[in-house]
Amino acid sequence: QVQLVESGGGLVQPGGSLRLSCAASGGISSINTMGWYRQAPGKERELVATITSVGSTNYADSVKGRFAISRDNAKNTVTLQMNNLEPKDTAVYYCKLEQRGRTISLNYWGQGTQVTVSS
């Protein structure tokens, strides 16, 4: 079974930085997309950034220029470097892995890690 384990997060002041990491294990295809999503209290879960197996990235407009996503295919890990954090970034951040086939798509989620940006 696929399992995603997240680490990082915590309390940081506005303008500070944090780095989130996610390690995937189990029966994982070499072709997949990994990413980060976040959910603030009372709000819908939203995409933050994704990265494919070949390194193509996609970012939400709200984090462009501040966040950077990267991955290590050999280790099946994905990292989110978050710089110049703002209070609006406060949320639970979830790691996601997606494996697509011709007829089905499988999605796996991590447990989530809290990021709080406050002075």
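Let's start with Asn-76, which counts as buried because its relative accessible area is 17%; buried here means under 20% relative accessible area, exposed means over 50%, and partly exposed is in between (1.4 Å probe, protein chains only). This is a predicted model, so keep in mind that local features need pLDDT of at least 70, that side-chain atom pairs count only at pLDDT 80 or more, and that totals for chains, interfaces and linings use all residues. Residues are numbered from 1 along each chain as its sequence is written, and side-chain values use heavy atoms, with hydrogens and water left out.

You'll find Asn-76 in the loop between β7 and β8. Those labels come from DSSP runs, numbered from the N terminus: helices are H or I with at least four residues, and strands are E with at least two. Asn-76 is not a glycine, yet it has a positive phi of about 55°. Setting aside neighbours within four places in sequence, Asn-76 is in contact with Cys-22, Ala-23, Ala-24, Ile-28, Asn-32, Met-34 and Arg-71, where contact means heavy atoms within 4.5 Å.

One of those partners, Cys-22, takes us to the disulfide. A disulfide is a covalent bond between the sulfur atoms of two cysteines, and the cut-off used here is a pair of cysteine sulfur atoms within 2.5 Å. Searching the whole structure turns up one. It joins Cys-22 to Cys-95, with 2.1 Å from S to S. Since Cys-22 sits in strand β3 and Cys-95 in strand β9, the pair ties together parts that are 73 residues apart in sequence. The torsion about the S-S bond of Cys-22 and Cys-95 is about -85°, so this disulfide is left-handed. Both Cys-22 and Cys-95 are buried.

Now for the largest nonpolar core. Such a core is a set of buried Ala, Val, Leu, Ile, Met, Phe, Trp, Tyr and Cys residues joined through side-chain atoms within 4.5 Å. This one has 28 residues, and Trp-36, Leu-80, Met-82 and Tyr-93 touch the most other members. Two or more residues come from each of β3 (18–25), β4 (33–39), β5 (46–52), β7 (67–72), β8 (77–82), β9 (91–100) and β11 (113–117). Follow Met-82 beyond its neighbours within four places in sequence, and you meet Gly-16, Ser-17, Leu-18, Leu-20, Arg-66, Phe-67, Tyr-93 and Val-115.

Arg-66 is worth a stop too. It lies in the loop between β6 and β7, and Arg-66 counts as buried because its relative accessibility is 9%. Its side chain reaches the backbone oxygen of Asn-84 at 3.0 Å. Apart from residues up to four places away in sequence, Arg-66 touches Gln-81, Met-82, Asn-83, Asn-84, Leu-85, Glu-86, Lys-88 and Asp-89. As for Asn-84, its place is in the loop between β8 and β9, and it counts as partly exposed because its relative accessibility is 44%. Asn-84 has a positive phi, about 50°, although it is not a glycine.

Over in strand β5 you'll see Ile-51, which counts as buried because its relative accessibility is 5%. From C-alpha to C-alpha, Ile-51 and Trp-36 are 9.2 Å apart in space, and they are 15 residues apart in sequence. Leaving out neighbours within four places in sequence, the contacts of Ile-51 include Asn-32, Met-34, Ile-69, Arg-71 and Val-78.

Next comes Ser-53, in the loop between β5 and β6 (57–59). Ser-53 is buried because its relative accessible area is 17%. A polar atom of its side chain lies 2.7 Å from the backbone nitrogen of Asn-32. Not counting residues up to four places away in sequence, Ser-53 touches Ser-30, Ile-31, Asn-32, Arg-71 and Asn-73. The C-alpha atoms of Ser-53 and Asn-73 are 6.8 Å apart, with their positions 20 residues apart in sequence counted as the separation. Finally, Ser-53 helps line the largest pocket, together with Ile-31, Asn-32, Thr-33, Thr-52, Glu-98, Gln-99 and Arg-100. On a 1 Å grid over the protein atoms alone, a pocket is an open set of points with protein on both sides within 12 Å along at least five of seven lines, and lining residues have an atom within 4 Å of a point. About 150 Å³ of space lies in this pocket; grid points are joined across faces, edges and corners, and the volume is the space filled by probe spheres set on the points. The element that gives the most to the lining is β9, with three residues.

Conventions
A polar contact is a pair of N or O atoms within 3.5 Å; within protein, one must be able to donate a hydrogen and the other to accept it, and residues adjacent in sequence count only if both atoms are side-chain atoms. On a 1 Å grid over the protein atoms alone, a cavity is a set of points where a 1.4 Å probe fits but cannot get out, and a pocket is an open set with protein on both sides within 12 Å along at least five of seven lines; lining residues have an atom within 4 Å of a point.
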